[in-house]
Amino acid sequence: MSEMKEMSGAKWTVSRFVPVMVLCAVCGAVLGIFRADACALPGLAGMLAGGVAGYGAGRLGRGDPLRFWAFGQRLWLAFAGALIYGWVQLLVAGAVHATPADSPFYWISEVADGFLREPFFSMGQTGGVVLRAYSGTLTGGWWIFFNLLDAVLFAFLFLVSTGAGLFPDEKSGAEKEVLSGAGENDNGGDGERENDNGDDDEREGESTFEVERSPSVRAEPCGLVPEAPSRLALLGFVVVLLLLFGGSALARYVLDERFDPATYHPESLQELQRLAEGRWRFDAPDGVLLRTEKDLDLFVQVSGYGSLTAVTKGDTPFRLSLDKRGRRFTGLLYPLRPGTERVSSMPLSARLHIASDGSELHLAVTLFTIRGRLDPVLRAVRMDSSMKGP
C-alpha cells in the first residue's frame with residue numbers, strides 16, 4: 001500500500017510508460033527483421049506483439065494506484081504503443097531492405113507508391129469458423145491498409161492483455177490486503193450483531209458489496225474514494241506522435257532531401273571534389289548490368305554544386321548524371337553504344353552513395369527485365385584521384 005501512495009506521475013512515466021514503449025519498439029524491431037527476411041504477417045504479427053507487450057505492461061503496473069491504469073489511460077497507452085510498434089517495424093524492415101545507396105525510407109515509399117511488392121502470409125475467415133491461410137504480395141493502397149489493420153489489432157490485444165496482466169485470476173497483494181480488512185470488519189460486525197440487529201444488517205450489506213465489487217475497485221484502499229483517472233498516457237501519446245512523425249520528417253529531410261545549390265559554399269565544393277572525383281573500379285560484375293569479367297573503371301567528376309557526372313568505357317559503357325540528395329546522389333544512368341556517346345536504350349533510375357572516407361562507393365540501379373523489377377547494387381573502390389580517361 002505504501003508503494004501505491006508514493007507513486008507519482010513523474011515516477012509512473014519513467015518507470016512504466018517509457019519501459020512499455022521500449023517493449024513495443026522491441027516487438028516491432030524483431031518482427032521487422034523477420035518481415036524483411038521472410039514475409040509480412042499482417043494481423044498475426046499485431047496480435048502476437050500486442051498480447052506480449054500488453055501483458056508485460058500490465059504485469060509491470062500490478063500494484064500501482066488504479067488512477068494510472070484506468071480504462072482511458074490504458075486506451076491511450078495502447079494507441080501510443082501501436083504507433084511505436086508499427087513505425088519501428090516498418091523502419092527496421094526498410095533498413096534491412098535498403099542498399100547502401102538507399103535510406104530506410106526508400107523501400108517504404110516504393111512499396112506504398114506501388115513500385116515494389118512485399119510478400120505476406122496471414123490467416124482469416126471467409127465464413128463460418130474455419131480459418132483459411134492467405135499468401136501473396138501486397139503493394140500500394142492494400143499494403144497501407146493492412147499495415148493500419150495490423151496496428152489496430154496490436155492496440156486491441158494490447159488493451160485486453162493489459163487488463164489480464166493487471167488483474168490476474170490469482171489475487172494481487174493489494175487485493176488480499178483489502179479482502180483481509182473486509183474480513184476483519186465482518187468479524188467486528190458479528191460482535192456487534194449481539195448488541196444491535198440494525199447495525200448487523202448494515203454491516204452485512206457492506207460486506208456483500210465489498211466481495212462483489214470488480215477487482216479494479218477492490219484494489220482501492222477501504223473507505224477511500226478512488227482518485228480521478230490520470231491523463232499521463234494521453235500526454236505520452238501526443239509526445240510519441242510528435243516525436244515519430246516530426247523525427248521521421250527530419251530524418252528523411254537529412255537523408256533524402258535535395259539540397260539547394262544556393263546553400264553551397266566553396267569549401268563544400270572542394271570537399272565534394274576530394275571525396276568523389278577520380279577513377280573507381282567495380283570489384284565484381286553483377287550479372288545483370290555488368291556482365292563482363294574484365295575490369296571496368298568509372299570516372300567521376302563534379303559538374304556543379306551538388307552534381308556529379310560519371311562515365312565508363314569498354315564492353316558495357318554508360319553515363320551517369322546525378323544530383324545530391326541528402327547524403328546520397330540520385331539521377332539517371334544512360335546505357336551507351338560501345339565506342340560511341342550515343343544512348344542505346346531508355347535511361348535507368350540510379351542512386352549512388354560514397355563512403356565518408358572516400359574509399360568506396362555503391363551504385364544502385366533500377367531496371368525491369370522479363371524476371372520483373374531488379375535493383376542490382378554495384379560496388380566500386382577508389383583507384384586514384386586523377387581524371388585521366390582510359
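**View 1. The lining of the second largest pocket mixes 7 nonpolar, 6 polar and 9 charged residues.** Here Ala, Val, Leu, Ile, Met, Phe, Trp, Tyr, Cys and Pro count as nonpolar, Asp, Glu, Lys and Arg as charged, and the others, Gly among them, as polar. This is a predicted model, where local features need pLDDT of at least 70 and side-chain atom pairs pLDDT 80 or more, while totals for chains, interfaces and linings use all residues. Residues are numbered from 1 along each chain as its sequence is written, and side-chain values use heavy atoms, leaving out hydrogens and water. The pocket has a volume of about 430 Å³ (the space filled by probe spheres set on grid points joined across faces, edges and corners). A pocket is an open set of points on a 1 Å grid over the protein atoms alone where a 1.4 Å probe fits, with protein on both sides within 12 Å along at least five of seven lines; lining residues have an atom within 4 Å of a point. Tyr 106, Glu 110, Arg 325, Thr 330 and Arg 351 are the closest to the centre, out of 22 lining residues. Which helix gives the largest share of this lining? That's helix 10, with 4 residues. Helix 5, strand 7 (328-335), strand 8 (348-354) and strand 9 (360-369) also supply at least two residues each. Helices (H or I, at least four residues) and strands (E, at least two) are DSSP runs, numbered from the N terminus.

**View 2. Now for the largest pocket, with a volume of about 680 Å³.** Look for Gly 86, Trp 87, Leu 90, Leu 148 and Phe 245, the closest to the centre among the 34 residues that line this pocket. The lining divides into 25 nonpolar, 5 polar and 4 charged residues. Helix 6 (140-166) gives the most, with 9 residues. Helix 4 (71-97), helix 5 (104-112) and helix 10 (232-256) each chip in at least two.

**View 3. Helix 11 (residues 266-276) has Leu 272, Leu 275 and Ala 276 buried.** Buried means under 20% relative accessible area, exposed over 50%, and partly exposed in between (1.4 Å probe, protein chains only). Seen down the helix axis, the buried residues of helix 11 fall within an arc of 75°, so they line one face; the arc is that of the directions from the axis to the C-beta atoms. Glu 267 and Gln 270 are exposed on the face turned away from that buried side. Strand 3 (278-282), strand 4 (296-304), strand 5 (307-312), strand 7, strand 8 and strand 11 (377-384) are among what covers the buried residues. Right after the helix, Gly 278 has a positive phi, near 140°.

**View 4. Cys 24 and Cys 27 sit in a structure with 0 disulfides.** A disulfide is a pair of cysteine sulfur atoms within 2.5 Å. Why no bond for Cys 24? The closest cysteine sulfur, in Cys 27, is 6.5 Å away, which is too far. Both residues are tucked in: Cys 24 is buried at a relative accessible area of 0%, and Cys 27 is buried at 13%.

**View 5. Gly 339 is found in the loop between strand 7 and strand 8.** Buried or exposed, which is Gly 339? With 82% relative accessibility, Gly 339 counts as exposed. Its C-alpha is 7.7 Å from that of Lys 313, although the two are 26 residues apart in sequence.

Note on methods. Contact means heavy atoms within 4.5 Å.
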